[in-house]
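Open the model in a viewer and keep a selection box at hand. The tour goes from one selection to the next and says what is found at each stop.

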Amino acid sequence: MLRSLFISCFLLGVSYFTLGQNIIVRNNCITQCIDCSKRTPDMGTVFDLDVNMPTGTTYLWDFGEPGTPDNTSTSRTGSHLYCTPGEKTVTLKLSTSPTPIIKRIRVGELPFIYLGKDQNEESMTICNGQKVELKAFGKVGKPNFPVTVNWYPNGETTDNISLSKSGCYSVKVTEPTTGCTVEAKMQVKICGERDPDQNLIKNAKAMYMGVGAAIQFQGSVDNPVPIPGKTNVPNGVAKMEDPSMVNGLIFYTDGVKIFDKNNQPIVFSDPSKNLNADITNSQGVTIIPKTACKGCQSEYYVFTLGKNSAGENLVYYSIVDMKLNGGKGAISVINQLLNPIPVTSKLIALQGGQGYYWLVAQDAKTGDLLTYKVSELGISASTSSSGGKAFTKSSGVSGTTKSNIDWTKMAVTLPDVNMSSIDMYSLDPATGKSTFEYNIPLGKPLPQVYGVEFSQNNQVLYVSMQGDGSTVPSEIWQFDLSSKDPIKILASKSVLFSSMDKIGALQMDPVYNTVIFVSFEGSSSLAKISQTNGLNTDIDTLMRPKFVRNAVTFPAGVTTQLGLPPNLPVPNTPSGPPSISGPICEGTVFKFSIDQKLCDPLNNDKIVWNIYNTVLNPIPDKDGIMVPLDPGTTRIHTFTGNVLAYDFPTSGKYVITATISNSCIKDFLLDAQEFDIEVIKPTSIITEINKFFKCNPTSIPIALTSTPPSTNLAYLWSNGDKTPVANIRPPGGKVNLLLGDTKTKCSVRLNTQVNFLEVKNFIPSNTYSICMDNPKPFDLQLGGPTTNLKFEWTFGSGTSVISTQNKVRVTQAGKYVVKVTDIDNCSISHTVEVSDKCEPILLTPNVFTPNGDGKNDLFVPQPKSAKRARILGLQIFNRWGELLFTTKGPEFSWDGKVNGTRVPQQSYVWQLQYESLDYPERGVLTDRGGVLVVY
């Protein structure tokens, strides 16, 4: 992984320290970090006296910029934001002296520089083997006064550098007179360069302590291995690591000397100088990155507690600059007084927000907590929070301060010859504000409290208590914090371990924050506590914490002492290679994308996706890439495009791979990723539900016919119901369901039809008949739905079923009875009567011979069936339409004569009036035709 280190903006200017009443100054440069339009209390140059004035002293600061905001202040520590460079005269008037103290300072400023094409470009991507040149003054002119140039990480002092390796590069230009600086940085990335194995990085963390003792976490956090160290102190130690590198140690310190990752001392320009920490202090040294706004992380504050002439602890700071000494690092500022307020024996560094930290000390006289914001703007003036129990005489035992792993709680131990106790605070990492909550009294006079540590889940507190080594043993106590009631917490005390050996610090491991290590004075081994969330009084012994006295054994001559290094805030690591983002479910389709460009700003020109129905192979391939298990037989889908969208057939584990190509590299395979996919399948609903209203007069329940196994389903029916079963009220109709999975956000819409049935839904309004003289069968068809219904047809008085469909074949007249039954066995019946009706048919001859021979002498029309029709009248017309003959019965025949005379042989027209006996509603009907008279 590429190194990612926060950038630095403020170099402290000339700091002034002399005996007597002298003003000390820090942050006296105008840089790219300053935004004069947005003033906050932590901005600006900070002023303080180098001596602690008597209680009741009043202060009046004049910062030498009349008319500017906050040009005066009555605070003990002065702070003013300068936005114009030049000489400034600062005046402090004290109530204890008639003579003001005057300090002349120079506020320095350098032209802003940048290494990219503009001030916003701070990263570039090059292809493997490509060279690039970075120029310190390529975008702005070099100042016409003397400046020094220094590059990170290799310490070059030239104006320009040429490079072909990835990493964070920055240049710092310094004006030696004021010490003011300006920085610019460039993150150089090689497209396609693989990051080192992250497990190696995580397990590279180390701890340094005691006399030459150190451990490194190269495998399980439970089993660190001893490594050489160079510390030689009884108490406080600190270290700084770069989490982006396999061998990530930058340096470590015992408060006197600073050692690099090769155990070699990092020295000041004067090799005779050392840090001024009093090594008897329990937490007398801590490290905080000196963040910057335009440079790579290369400088670090080392805060120490040194003694003044009165034997009081004062906070000092030094700066380690890894750009110096050819990139090997050197101490650029050493033992500068922060302020003259005496503090207790412990310092603690806390993680704040992005790019800033908190340094917390405790006022030795009041017990109040003093908090300094350490950011790109420098070290702010302190803010004070009321403490709990005031610190009193400790009989040589100094105690420790610890926060939990998420920086929201803090425990401050208070050793006391009369009554040891622990103050408990809540913390706000964003503001650095601490709030006293309660005090836990621990007893008197021995043992006295020393170390303290929170469990992984913050609900258990471990405390080391020091005895006298002869009659009173040292012990490790455990308290249950879940009640937040000091009386109940004290009552929950349980002794985890007891020994005549002197127990020192308790420290959570720096890798996974699961194991607490325990130091012993002058011991050749380190102890540990695992299962830290468990209570020692738990009925289930498997849930209790586990204590191992000899967890790590050191070589001869190497011993632990009382101190252990705290888990310090470290710079953020750079972003890694792209990874597969998602899934996002839309409907039933899962979508996956790539979370960033492989080589920003180069576009991801082509992405080839593959889906495998398998799990990840626990063993990476030869290039260290995670791959699917059995990829040759488990691939189910491939796709080329920016976004992979796939409707998985079933729930289960799937592995997805993505290969990216751009203009610099082809087929860069990302680590395969395993996904637990839950689909909304199987899901179905009956398409139609039919039930009779008479049996379901209120509502009809409706539910899925097949339901996914997910436990995160959410229902929304169109009637407003949100339960698995919806109750549909009359009149029913179309019903839809939106079924969603609250975990995956998948959803599916299903539709059905709910019908409340009555007889009118089925029976047609028309009547039915069949002519039994010449029957022509037809289908009697019901209306309405058929789903979920059973049909039974019977005929006449019979009981045998002649049809099980919603229709029956009519072959004869009579009564057809249908019984319709729904899925609840609710039935309705209806009788359809089919009558015997025929169309009337008339029989009329087309020729007759009225010659008197007794054969065919009459024209006699008649119905084919007397029961179907009846003739009402007959008329005969000649060809000219003249009426020749008429009769209305009772007989309907013509003898071929008119007035007794035979008509000529020719054709004549006949006309009949008749009625249909089956369809009397038709009234009188008329029929016409022709007949031929032949002699």
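Which backbone nitrogen lies 3.4 Å from a polar atom of the side chain of Ser420? It is the backbone nitrogen of Val449. The model is a predicted one, so treat each stop as part of a prediction.

**Stop 1: Ser420**

Select Ser420, which lies in strand E34, residues 420-427. Ser420 counts as buried because its relative accessibility is 0%. Now show what surrounds it. Beyond its neighbours within four places in sequence, Ser420 is in contact with Leu414 and Pro415. The list of contacts also includes Ile440, Pro441, Leu442 and Gly443, and then Pro447, Gln448 and Val449. Val449 thus appears both in this list and as the residue whose backbone nitrogen lies 3.4 Å from the Ser420 side chain.

**Stop 2: colour by confidence**

Colour the chain by pLDDT. The mean for the protein chain is 89, and 94% of the residues reach 70 or more. Then select residues 1-19, where pLDDT stays under 50. For this stretch the model has 120 contacts beyond four places in sequence. Select residues 392-396 as well: pLDDT stays under 50 there too, and the model has 11 contacts beyond four places in sequence for them.

**Stop 3: an open sheet of three strands**

Select strands E2, E4 and E7. They form an open sheet in the order E2-E4-E7, with antiparallel pairing. Strand E2 (23-26) and strand E7 (78-80) are the edge strands, and each pairs on one side only. On average, neighbouring strands of this sheet are turned by 20° against each other, direction ignored. How many bridges pair E4 and E7? Three bridges do, in the antiparallel sense. To look at one pair of facing residues, select Thr45 and His80: Thr45 stands opposite His80 in E7.

**Stop 4: an open sheet of four strands**

Next select E10, E15, E14 and E12. These four strands make an open sheet in the order E10-E15-E14-E12, and the pairing is mixed. Strand E10 (123-126) and strand E12 (148-152) stand at the edges; each has a single partner strand, so one side of each has no neighbour in the sheet. The average turn between neighbouring strands of this sheet is 20°, direction ignored. E10 and strand E15 (residues 180-190) run parallel and are joined by four bridges. Within this pair, Met124 stands opposite Val188 in E15.

**Stop 5: salt bridges**

How many salt bridges are counted? The count comes to 30. Three of the pairs and one network are visited here.

Select Lys373 and Asp42. They form a salt bridge in which the closest N and O atoms are 3.1 Å apart. The pair links distant parts of the chain, 331 residues apart: Lys373 is in strand E29 (residues 369-375), and Asp42 is in the loop between strand E3 (29-30) and strand E4 (45-49). Are these residues buried or exposed? Lys373 counts as buried because its relative accessibility is 18%, and Asp42 is buried as well, with a relative accessible area of 17%.

Move to Lys743 and Glu678, whose side chains meet in a salt bridge of 3.5 Å, N to O. Lys743 lies in the loop between strand E56 (732-741) and strand E57 (747-757), and Glu678 in the loop between strand E51 (673-677) and strand E52 (688-692), so the pair ties together parts that are 65 residues apart in sequence. Lys743 is exposed at 57% relative accessible area, whereas Glu678 is partly exposed at 24%.

Then select Asp918 and Arg868, which meet in a salt bridge of 2.9 Å, N to O. Asp918 is in the loop between strand E71 (907-916) and strand E72 (924-933), and Arg868 is in the loop between strand E66 (862-863) and strand E67 (869-877), 50 residues apart. Asp918 counts as buried at 14% relative accessibility, and Arg868 is buried at 5%.

For the network, select Lys172, Glu299, Asp321 and Lys323, which are linked by salt bridges.

**Stop 6: Pro583**

Finish at Pro583 in strand E44, residues 580-586. Pro583 counts as partly exposed, at 32% relative accessibility. Leaving aside neighbours within four places in sequence, Pro583 is in contact with Phe590, Lys591, Phe592, Phe675 and Ile677. Add Gly740 to the selection: Pro583 and Gly740 are 157 residues apart in sequence and 15 Å apart in space, C-alpha to C-alpha.

Methods
Residues are numbered from 1 along each chain as its sequence is written. This is a predicted model: local features need pLDDT of at least 70, side-chain atom pairs count only at pLDDT 80 or more; totals for chains, interfaces and linings use all residues. Side-chain values use heavy atoms; hydrogens and water are left out. A salt bridge is a side-chain nitrogen of Lys or Arg within 4 Å of a carboxyl oxygen of Asp or Glu. Helices (H or I, at least four residues) and strands (E, at least two) are DSSP runs, numbered from the N terminus. Buried means under 20% relative accessible area, exposed over 50%, partly exposed in between (1.4 Å probe, protein chains only). pLDDT is the predictor's confidence in each residue, from 0 to 100. Contact means heavy atoms within 4.5 Å. A polar contact is a pair of N or O atoms within 3.5 Å; within protein, one must be able to donate a hydrogen and the other to accept it, and residues adjacent in sequence count only if both atoms are side-chain atoms. Two strands pair if DSSP finds at least two bridges between them. Axes are lines fitted to C-alpha atoms, for helices over the stretch in contact, and angles run from 0 to 180 degrees between N-to-C directions.
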